[in-house]
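Subject: The structure, and some notes to go with it

Hi,

Here's the structure I promised to pass on. Have a look at it first, then read my notes underneath.

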Amino acid sequence: MDTMTLARDAGLMSLANVGGTADALTAELPSAAKRNGVAAISGTSTVLIYVAGTNTVEPSLSIDGGTAMVIKSEAGAAFAAGQFGGGRYYQLTRHGSGWRVMAGSVGIADLANAVAAEASARALALAGTNAMVTGVSAELSAPMEVAERDSVHWVGRDRDGNGLFGWSDTGMRVILDDATLANAGPRLLSDPGLDVALNTVEALDARVLERDAAGNALVLWREDGFDAHMSQDFWDRGRGKLQIEGGLLSTTAVQLCGVNGQSLTVGGAFTAILTRAMLEALGGDHCLQLAGMQFSDAVPITDTLGPRSKGYNLTKAATGFERAQTGSGASGMAFPAFALLNAHRRDLGLAQVPVVTSCHGIPGIAIEDMDADPATGSGTATVWSSFSYWNAQAKAVAEAAGKAILPGWHLWDHGTSAKASPRGDYLEKWWKLQAGSLAYWRGQGLPAPRYILTQPGGDADTTNDGATGWAVCDDILDLVEQGGAILGTCQHWYEIADNNVHPDAEATALASETCAWAMAEVEAGHRWSILRPHLLLHEGGVLVLQFASLREDEALALEDAAKYGGQAIDAFAGFELVGARSPP
């Protein structure tokens, strides 16, 4: 599927030349979409449209002179007169033969009116409560009514007049309900000084004290204590104290999650398909950057692309945390990856922790120039200086703010510069760089992050011609299989924009978001990395391979050759046979 079709089917297109009335809207597909071959919407399209007027009948939308399709609410309800339009932007998604409003139907004025109505209702309820309290107070101040029966002076009675609590010559008499008895039974049994009879049912390794309506055991008495199946109300009440707040963003902790690599980490030019405003709408308090940082020439750094080849002004300390931003002209990988990480955590019911992020890399940088020793490469240590200074500043700001620093992630997107390296060369250098990085974090008293990386190969020319053998791709798989990192995604899946190696903002955001998804899945205990297949059978010129690392909901699919003009996909679907020989 090409990028424009993917945008049409799964992205958000802003409609152009909106006309008609709020009852019968007309619009056109954006010219950029048409120039790239998208002639019509699909059954899964999502569009953005501005509606100036207000409807008088059920509204509809016709695109490029096509059939007018009815617009309904998110739940499928029809809009009555005056409920649609009024100078609002709407996000519409195709549903069946019509459109559904997915965003835009509720504005600030609606919320204000709802808040005012709620406040009025609460005021009425409070007045009713005050009246009830006044009545109860009057009853409590009145003389107590006591009825004697069976030598018990009953004070409290149920609606039928039966005694519930009172006193006799020997003390208080109380009639307990079933729920109270069920709660008190196990407690009474735990006191050996009380002689109490309670009917129980023996299970395999315990005695069942209470069951639900379906016969499932709820409360058990085991040899070493009591066991119970806790209700959903229990988990809802205790979620915060147990620190399992899957639906809330932590206010007491942060994670430091850097991004390192080459131009792909700081590139991704914005286009009409994905603008800076569209991407930054994903931001918020869940994704942060350091405030007050400067380039080495004292120019302020205001985004997550990092200092790149200039490096940081090492005399200018960070002043705090602020909401993360993309670059002015390019997305980079740090923002889209970590702006979406907590969204995936929320979907999986995981704890959400604000992420502080930035890129540390430089376009075209070789791996031997990314460590602390200038002698190992061309003589530069700018990447290491940026990496270490950023981590030290982030640690200082977090500690000053009283935030705990939890283990995070280190996103690595690199390897194209090593496409001509011999087998094993990149792997050896990567392990040395990781060892140095881990030693740095330990020396700073920082928790070591988990590594997640991409596999290189998203290049216009991946020919194995001896000069550029792309052995680095196998080295990446080696370090993943050896436990060095999680394989987030492969660069070749994402379309390039310059017939070289660089994707635009849309493709960069997709790759970054896939890595965010991978991080959350791994945090949830799920398998993610897809490793090399194993040979099951070789007979009669037929190879049978087993991809044991695929999940049950995953399957292999042929890549779209059009992404690279057919250069990246050959007749063997991208497979390469290593160590084979021709038959005699």
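How many bridges join strand E7 (residues 88–95) to E8, and do the two run parallel or antiparallel? There are 5 bridges, and the strands run antiparallel. One pair you can look up is Gln91, which stands opposite Ala103 in E8. E7 and E8 form a hairpin with 2 residues between the strands, and in this hairpin Gly96 takes a positive phi near 65 degrees. Keep in mind throughout that this is a predicted model.

E8 (residues 98–103) also pairs with strand E6 (residues 69–72). Here the strands run parallel, with 2 bridges joining them. If you want to find this pairing on screen, go to Lys72, whose bridge partner in E8 is Arg100.

Next, a helix: H10, residues 425–444. Try a quick check on its length. With 20 residues at 1.5 Å a residue, H10 should span 28 Å, and its end C-alpha atoms are 29 Å apart, which agrees.

Which residues of H10 are buried? They are Tyr426, Leu427, Trp430, Leu433, Gln434, Ser437, Tyr440 and Trp441. Look down the axis of H10 and these buried residues fall within an arc of 145 degrees, so they line one face of the helix. The spacing makes sense if you remember a bit of helix geometry: an α-helix has 3.6 residues a turn, so residues three or four places apart point the same way.

What covers that buried side? The cover includes helix H9 (382–400), strand E22 (409–413), strand E23 (450–455) and helix H11 (471–481). On the face of H10 turned away from its buried side, you'll find the exposed residues Lys432, Arg442 and Gly443. Just after H10 comes Gly445, with a positive phi of about 75 degrees.

Now for two residues that have a positive phi without being glycine. Arg308 has a phi of about 55 degrees and lies in the loop between strand E18 (287–291) and strand E19 (320–323). Asn499 has a phi near 55 degrees, and its place is the loop between strand E24 (486–490) and helix H12 (505–523).

Are these two buried or exposed? Arg308 counts as partly exposed because its relative accessible area is 24%, in between the cut-offs of 20% and 50%. Asn499, at 59%, is exposed, because exposed means over 50%.

That's it from me. Have fun turning it around on screen!

Cheers

Definitions and conventions
Residues are numbered from 1 along each chain as its sequence is written. This is a predicted model: local features need pLDDT of at least 70, side-chain atom pairs count only at pLDDT 80 or more; totals for chains, interfaces and linings use all residues. Side-chain values use heavy atoms; hydrogens and water are left out. Helices (H or I, at least four residues) and strands (E, at least two) are DSSP runs, numbered from the N terminus. Buried means under 20% relative accessible area, exposed over 50%, partly exposed in between (1.4 Å probe, protein chains only). The expected span of a helix is 1.5 Å times one less than its number of residues. The arc is that of the directions from the helix axis to the C-beta atoms. Contact means heavy atoms within 4.5 Å. Two strands pair if DSSP finds at least two bridges between them.
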